[in-house]
Each structure stands twice: as structure tokens, then as C-alpha cells.
Amino acid sequence: NPDIDVRCISDSGSMYPFSVHTQNCYPQLLEYTAYNIWKAESDQSCEEDNPSKLPCISFGTAYRYADTPILILMSSEDTVIRICYAEDDAFWDSWRQELELTARQILQDRPDVAMFLPNCPFHVASTHVWSSMEVPVLDGEDGQTILLKDLVYNFVNGQQPIQAIDSMDVRNPACNNNHN
């Protein structure tokens, strides 16, 4: 039915800054292994353009091929989906900066993509993030912030703003590390 409006919301783990990882650990190869074990299927046009399929297994590299409206919900440090990471501040500073660069590149290349990226460690945004964590918008007025519940409403209803990214230099004031 061509009148059906299908939209996707991906919550947690959709973007992985492959350039930031611990020594001798290759996150993209680990994701590719999971992709094969689960018998996943990627976008056919992505696989045709990339016979190795590596760029087709993560939204951070395959976003150019997404043709269904999509909202990416991501934390600055997912507390569950972690591979090839270190438990030190320098690692996570680098991780957050690279994640933000990846997110901003996606939005520059694809202004139709919706994104919510607060600087707060958590897994899945249906926690306290939903209605208590305001994040600065990119596609709204100067100084405007938005709650996730309002951004999702906008996304579902074809309104703006639909893009919000926190500064990765300062934790979101509503961040509470006790909620994962």
C-alpha cells in the first residue's frame, strides 16, 4: 500500500566510531561476525556497491543507503553495547568526540535523518531520557532544546526539529548515571 507511512526508530548501538578502539581489537570485524551469525541482510544497493559488505552493517557507514525515514537514538556511551573499549577518561573523551563527528557528518550528508544524541551513558532511551533530558537542536532556533518525547512526536508527524546533539565536552545536566 503506497499510502502507508513507514518510519524507523533505532534505539542504541546504531553508530559505532570504528576509528576509536583498543589495540588489536577490530570492532567492525566483530560486528561483521555477528552480522554473519545472525544471517542479517543489508541494503541490496549497499552490498552491490560494497562487495565486502563491511560498510553495510552499521548505520554509521550505511546511512547513505537508507531510504525509509529514520530516527537514530544514541547515547554518548552505551552502557551495554560495548566492544573494544577501555575504562579511562582519555578513551571515552576520544570516543565521544568521534561519535559526535560521525553524527554530524551523517546529518550534513542526510539532512532528512533524525537524531537524538545526549552526552550521557545509558542503554535505550526509554529510560529517564524520554521526558527529562533536554538536548540542543540543530535544525531549530538558536538556543532551542528538545526532549526526546517531543522529538519523536515531530519525527512521526513530519515536523521539525528532529535533530539534537549535546556538546560532548559537558555531561547533559539531566544525566543520572544510576539509570542505565
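This report describes the fold, the surface and a few local sites of a predicted protein model.

## Overall fold

The protein chain contains six helices and six strands, and read from the N terminus these elements follow the order β-α-α-α-β-α-β-α-β-β-α-β. The C-alpha trace extends over about 50 × 45 × 25 Å along its principal axes. For a chain of 180 residues a compact globule would be expected to have a radius of gyration near 16 Å, and the protein chain, at 16 Å, agrees with that expectation.

Among contacts in the protein chain with a separation of 6 or more, 67% join residues that lie 24 or more positions apart. Of the 180 residues, 43% count as buried.

## Surface and charge

The protein chain has an accessible surface of about 9700 Å², and carbon and sulfur atoms contribute 49% of this area. The chain carries 10 positive and 27 negative charges, and the mean positions of these two sets are 3 Å apart.

## Helix α1 and its packing

Helix α1 spans residues 27–37, and its buried residues are P27, E31, A34 and Y35. Viewed down the axis of α1, these buried residues fall within an arc of 105 degrees, so they line one face of the helix. The partner of the buried residues of α1 is helix α2, at residues 44–49, against which they pack. After α1 comes K39, a residue with a positive phi near 55 degrees.

## Two loop residues

S58 is situated in the loop between α2 and α3, the latter covering residues 59–62. With a relative accessible area of 4%, S58 is buried, because this value is under the 20% cut-off. When neighbours within four places in sequence are left aside, the contacts of S58 are with S14, M15, Y16, F18 and E31. E31 is also one of the buried residues of α1, so that the contact list of S58 includes a residue of that helix.

G13 belongs to the loop between β1, at residues 8–11, and α1. At 28% relative accessibility G13 counts as partly exposed, because the value falls between the 20% and 50% limits. Apart from neighbours within four places in sequence, G13 is in contact with M74, D78 and I81. G13 is also 8.9 Å from V124, C-alpha to C-alpha, although 111 residues separate the two in sequence.

Notes: Residues are numbered from 1 along each chain as its sequence is written. This is a predicted model: local features need pLDDT of at least 70, side-chain atom pairs count only at pLDDT 80 or more; totals for chains, interfaces and linings use all residues. Side-chain values use heavy atoms; hydrogens and water are left out. Helices (H or I, at least four residues) and strands (E, at least two) are DSSP runs, numbered from the N terminus. The radius of gyration is taken over C-alpha atoms; the globule rule is 2.2 Å times the number of residues to the power 0.38. Buried means under 20% relative accessible area, exposed over 50%, partly exposed in between (1.4 Å probe, protein chains only). Contact means heavy atoms within 4.5 Å. Accessible areas come from the Shrake-Rupley method with a 1.4 Å probe; for residues, only the protein chains shown count as cover. Lys and Arg count as positive and Asp and Glu as negative; His and the chain ends are not counted. The place of a charge is taken as NZ of Lys, CZ of Arg, CG of Asp or CD of Glu. The arc is that of the directions from the helix axis to the C-beta atoms.
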